[in-house]
Amino acid sequence: MQPAEETLAGSTGSSRPSSRKRWDTTDLSLVAVFAALIAALAILPGIPVGPLGVPITLQTLGVMLAGIVLGPARGAAAVLLYLVAGLIGLPVFSGFSGGVGVLAGPSAGYLVAFPLAALVAGLLAVVVVRRATRFRSGLLFLACLAASLLTIHPLGVAGLMVNAGLPLRDAIVIDAAYLPGDVLKNVLAAVIAVSVHRAFPRLLAGQRPTA
């Protein structure tokens, strides 16, 4: 029986590094660091756009970086942590604002979309990093752009319609003003992420070096 027990123990031990499911202190630290990064980018002075004054900020740069650098789970967790901090009253939203009152404002749809955007960008980034050896910057840019167009802008338009009472056409026109800035921020996020993945190739998958 002893050899069988040793074989079972050996097979169990060898399977652990390849399927790490639990987050450790490093994962939690990365989530906290990226939440703080998004907050720092959000409180930088924005550019008010349109009659409602919803500003162009660097928030989405931090959101996309969280997704394509940390991956879908940790990226979304970092954005959720940032949102929770703001909703409980910390002044981490644009213009040093905070509190649940922002959910009644015209920018509510954009804020709600941020975790979904990080999740989608992270899922696409995992595919890019695993399968693509060339043109990673361009592909990561497309991942960010797709996440933005699928989540942030549709929910942003919905928020403008619900909280500001705008018709669909007017909401789309206002939202379109944010597209050029998003493109530039997504390019920057992709360039930064490629450099980070080059320096830390295991970071996106949350893997640890094995002995």
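This report describes salt bridges, a nonpolar surface patch, a helix pair and two loop residues in a predicted model.

**Salt bridges**

Side chains of opposite charge can pair when their charged atoms come close. In this model, the count of salt bridges comes to two. One of them joins Asp-27 to Arg-74, with 2.8 Å between the closest N and O atoms. This pair links distant parts of the chain, since Asp-27 belongs to helix 2 (residues 25–43) and Arg-74 to helix 4 (residues 72–87), 47 residues apart. Asp-27 and Arg-74 are both buried.

The other salt bridge is formed by the side chains of Lys-185 and Asp-182, at 3.5 Å from N to O. Lys-185 and Asp-182 both lie within helix 8 (residues 179–199), where three residues, about one turn of the helix, separate them. Lys-185 has a relative accessibility of 10% and therefore counts as buried, the cut-off being under 20%. Asp-182, at 7% relative accessibility, likewise counts as buried.

**Nonpolar surface patch**

A nonpolar patch of about 570 Å² lies on the surface and is made by Val-100, Leu-103, Val-112, Leu-116, Leu-119, Leu-123 and Leu-155. Helix 5 (residues 108–131) supplies the largest share of this patch, with four residues. Leu-103, by contrast, is placed in the loop between helix 4 and helix 5. With a relative accessibility of 39%, Leu-103 counts as partly exposed, because this value falls between 20% and 50%.

**Packing of helix 6 and helix 7**

Two packed helices are described by the angle between their axes and the distance between the axes. For helix 6 (residues 136–164) and helix 7 (residues 168–176), the angle is about 130° and the axes are 9 Å apart. Helix 6 is therefore oblique to helix 7. The crossing of helix 6 past helix 7 is right-handed.

**Loop residues with positive phi**

Two phenylalanine residues are set out below.

| Residue | Phi | Location | Relative accessible area |
|---|---|---|---|
| Phe-96 | near 55° | loop between helix 4 and helix 5 | 55% |
| Phe-135 | near 55° | loop between helix 5 and helix 6 | 62% |

For Phe-96, phi is positive in a residue other than glycine, and the description also holds for Phe-135. Phe-96 is exposed because its relative accessible area of 55% is over 50%. Phe-135 is exposed as well, with a relative accessible area of 62%.

Conventions
Residues numbered from 1 in each chain as written. Predicted model: local features only at pLDDT ≥ 70, side-chain atom pairs only at ≥ 80, totals over all residues. Heavy atoms only, no water. Salt bridge = Lys/Arg side-chain N within 4 Å of Asp/Glu carboxyl O. Helix = DSSP H or I, 4+ residues; strand = E, 2+ residues; numbered from the N terminus. Buried < 20%, exposed > 50% of the residue type's maximum accessible area, 1.4 Å probe, protein only. Patch = residues over 30% accessible without salt bridge, like charges linked within 9 Å, V, L, I, M, F, W, Y side chains within 5 Å. Areas by Shrake-Rupley, 256 points an atom, 1.4 Å probe, with all protein chains shown as cover. Axes fitted to C-alpha atoms, helices over the stretch in contact; angles between N-to-C directions. Parallel < 35°, antiparallel > 145°, perpendicular 65-115°, else oblique. Left-handed = near helix turned anticlockwise from the far one by under 90°.
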